[in-house]
Amino acid sequence: MELTYHRKGDYLFPNLVIETENAPQIGKYGMLRKTYLKENRPNWYQSMLATGKLTRHLSEIDQRANERLEQLTEQMARTEGVTEALKESDPMSWIQRMNNLRSRADEIILTELVYS
């Protein structure tokens, strides 16, 4: 591997180019993961950024988190009896309970995937 350098003042800096793929859209959990890595694991963040693996990692985390959110919400709704029948009979109660379920599932995902 041959490196070229450019001079800036008294220092030589390598001419590095990060190869980027078609950057996938990164959602809520991917952005939270990026912020976490940047603030709490700066060396790992810089390493992944320099090797071009950061966007793929963030995309994978976001995809897994969204799948896990759907899975947890469905599982908790079944366990707690939040059904379509409740939605038809008492929509406000259904909304309240579903919001509670999503909030709890969100906390689990943040602990398991984003901040670990």
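Biologist: Before we start, what is a nonpolar core?

Modeller: Keep in mind that we're looking at a predicted model. Here a nonpolar core is a set of buried Ala, Val, Leu, Ile, Met, Phe, Trp, Tyr and Cys residues, joined through side-chain atoms within 4.5 Å.

Biologist: Great. How many residues does the largest nonpolar core have, then?

Modeller: Tyr-29, Val-82, Met-98, Leu-101 and Ile-109 are the members with the most contacts inside it. As for its total, the largest nonpolar core has 16 residues.

Biologist: Which helix gives the most to this core?

Modeller: Two helices, H3 (54–80) and H5 (91–114), each supply at least two of its residues. The top contributor provides eight residues, and that's H5.

Biologist: Let's zoom in on Leu-101. Which residues does Leu-101 touch, leaving out those up to four places away in sequence?

Modeller: Leu-101 is among the core residues with the most contacts inside the core. With those sequence neighbours left out, its contacts are Thr-73, Met-76, Ala-77, Glu-80 and Val-82.

Biologist: What do the buried residues of H3 pack against?

Modeller: H3 has plenty to look at: its buried residues include Leu-54, Leu-58, Ile-61, Leu-69 and Met-76. Leu-54 and Leu-58 also turn up in a second, separate core of six residues, along with Tyr-36 and Tyr-45. The packing partners of the buried H3 residues are H1 (28–40), H2 (42–51) and H5.

Biologist: And how far does H3 reach from its first C-alpha to its last?

Modeller: H3 has 27 residues, and at 1.5 Å a residue the expected reach is 39 Å. The model comes close to that, with 38 Å.

Biologist: Over to the strands. Which residue in S2 is the bridge partner of Tyr-5?

Modeller: S1 (residues 5–8) and S2 (residues 11–14) pair in the antiparallel sense over four bridges. They form a hairpin with two residues between them, and Gly-9 in the turn has a positive phi of about 70 degrees. Across the pair, Tyr-5 is matched with Pro-14.

Biologist: Pro-42 caught my eye in H2. Is Pro-42 buried, partly exposed or exposed?

Modeller: Buried would need under 20% relative accessible area, and exposed would need over 50%. Pro-42 has 41%, so it counts as partly exposed.

Biologist: Last one: what is the radius of gyration of the whole protein?

Modeller: The protein has five helices and two strands, and its C-alpha trace spans about 75 × 25 × 20 Å along the principal axes. For 116 residues the globule rule gives 13 Å, and the model is well over that, so it is more spread out than a compact globule. The radius of gyration is 21 Å.

How values were computed
Residues numbered from 1 in each chain as written. Predicted model: local features only at pLDDT ≥ 70, side-chain atom pairs only at ≥ 80, totals over all residues. Heavy atoms only, no water. Buried < 20%, exposed > 50% of the residue type's maximum accessible area, 1.4 Å probe, protein only. Contact = heavy atoms within 4.5 Å. Pairing = 2+ DSSP bridges. Expected span 1.5 Å × (residues − 1). Rg over C-alpha atoms; globule rule 2.2 N^0.38 Å.
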